[in-house]
Amino acid sequence: MSRTRHNPVDRRIPIFLGLTLFGLFVWVTELLIQTQQHSNTMSRNIDVQTDLYAIRDKLDHSLQSMFHLSIGLTAYIDAKEGELDENEVMELLQSLYGHSHSDHVRNFGLIEGTRIRLVYPVNGNEAALGTDLKEVPEQWPAVLTAMNSQEGVLVGPVDLLQGGR
């Protein structure tokens with residue numbers, strides 16, 4: 001009977017192949033885990049971005065609505081050539097306030113020169129009436145910018161004369 005001698009290198013080949021396949025399996029598994037984590041992160045980012053777009057659109061709609069309402073007040077003042085009937089203006093401010101449909105609108109006011117002449121609703125805003133905005137350092141730069149540019153200016157939050165922000 002003849003004996004076949006096995007070469008020690010031949011015995012190592014299956015072990016080497018097994019370890020190589022195991023290493024390849026670990027590498028592919030890690031790659032799949034990283035890909036899934038990246039996909040989850042991208043999905044969360046898309047969800048956050050979608051939420052932010054919705055908030056931006058709601059805020060934009062609210063701001064545009066307020067600016068359009070103020071255009072109506074401006075047209076009224078132009079049509080009256082500055083000769084305003086206080087009762088008519090208060091009715092108009094009440095109507096504008098009622099149509100604002102915004103949680104962000106605390107009041108509507110009318111400024112003559114730099115002094116707050118009328119405000120609606122009056123209740124809760126009495127402290128603002130008659131105030132010269134030149135004397136309110138926190139608000140004056142924005143008021144001056146609006147006056148010079150003849151455009152609306154968005155600022156805030158600011159501490160209000162009548163309390164709150």
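This is a chat about a helix, a hairpin and a buried serine in a predicted model.

Trainee: Let's start with H2. How many residues has it, and how far does it reach?
Mentor: Helix H2 covers residues 86-99, which is 14 residues. From its first C-alpha to its last it reaches 20 Å, close to the 20 Å expected at 1.5 Å a residue.

Trainee: Which residues of H2 are buried?
Mentor: Those are Val89, Met90, Leu93 and Leu96. Looking down the axis of H2, you'd find them within an arc of 125 degrees, so they line one face of the helix.

Trainee: Why would residues spaced like that end up on one side?
Mentor: An α-helix has 3.6 residues a turn, so residues three or four places apart point the same way.

Trainee: And what sits on the face turned away from the buried side of H2?
Mentor: That face carries the exposed residues Asn87 and Glu91. Asn87 also turns up at the start of H2, where its backbone nitrogen has a side-chain oxygen of Asp85 within 3.2 Å.

Trainee: OK, new topic: strands. How do E1 and E2 run, and how many bridges join them?
Mentor: Strand E1 (residues 108-112) and strand E2 (residues 115-120) run antiparallel, and five bridges join them. Together E1 and E2 form a hairpin, with two residues between them.

Trainee: What about Gly113 in that turn?
Mentor: Gly113 has a positive phi of about 70 degrees.

Trainee: Which residue in E2 stands opposite Ile111?
Mentor: Ile116 does.

Trainee: Now the largest nonpolar core. Which of its residues touch the most other members?
Mentor: Of its 14 residues, those are Val89, Leu93, Leu96, Phe108, Leu110 and Leu118. Helix H1 (8-79), H2 and E1 are the elements that give two or more residues to this core. H1 gives the most, with five residues.

Trainee: Are there other residues grouped apart from it, and which ones?
Mentor: Another core, of six residues, lies apart from it, and Ile116, Val136, Trp140 and Val143 are among them.

Trainee: Back to Phe108. What does Phe108 touch?
Mentor: Leaving out residues up to four places away in sequence, Phe108 touches Leu69, Leu93, Leu96, Tyr97, Ser100, Leu118, Val119 and Tyr120.

Trainee: Ser100 is on that list. Where is its place, and is Ser100 buried or exposed?
Mentor: Ser100 is in the loop between H2 and E1. Its relative accessibility is 6%, and under 20% means buried, so Ser100 counts as buried.

Trainee: And what does Ser100 touch?
Mentor: With residues up to four places away in sequence not counted, Ser100 touches Ser65, Leu69, Val105 and Phe108.

Terms used. Residues are numbered from 1 along each chain as its sequence is written. This is a predicted model: local features need pLDDT of at least 70, side-chain atom pairs count only at pLDDT 80 or more; totals for chains, interfaces and linings use all residues. Side-chain values use heavy atoms; hydrogens and water are left out. Helices (H or I, at least four residues) and strands (E, at least two) are DSSP runs, numbered from the N terminus. The expected span of a helix is 1.5 Å times one less than its number of residues. Buried means under 20% relative accessible area, exposed over 50%, partly exposed in between (1.4 Å probe, protein chains only). The arc is that of the directions from the helix axis to the C-beta atoms. A polar contact is a pair of N or O atoms within 3.5 Å; within protein, one must be able to donate a hydrogen and the other to accept it, and residues adjacent in sequence count only if both atoms are side-chain atoms. Two strands pair if DSSP finds at least two bridges between them. A nonpolar core is a set of buried Ala, Val, Leu, Ile, Met, Phe, Trp, Tyr and Cys residues joined through side-chain atoms within 4.5 Å. Contact means heavy atoms within 4.5 Å.
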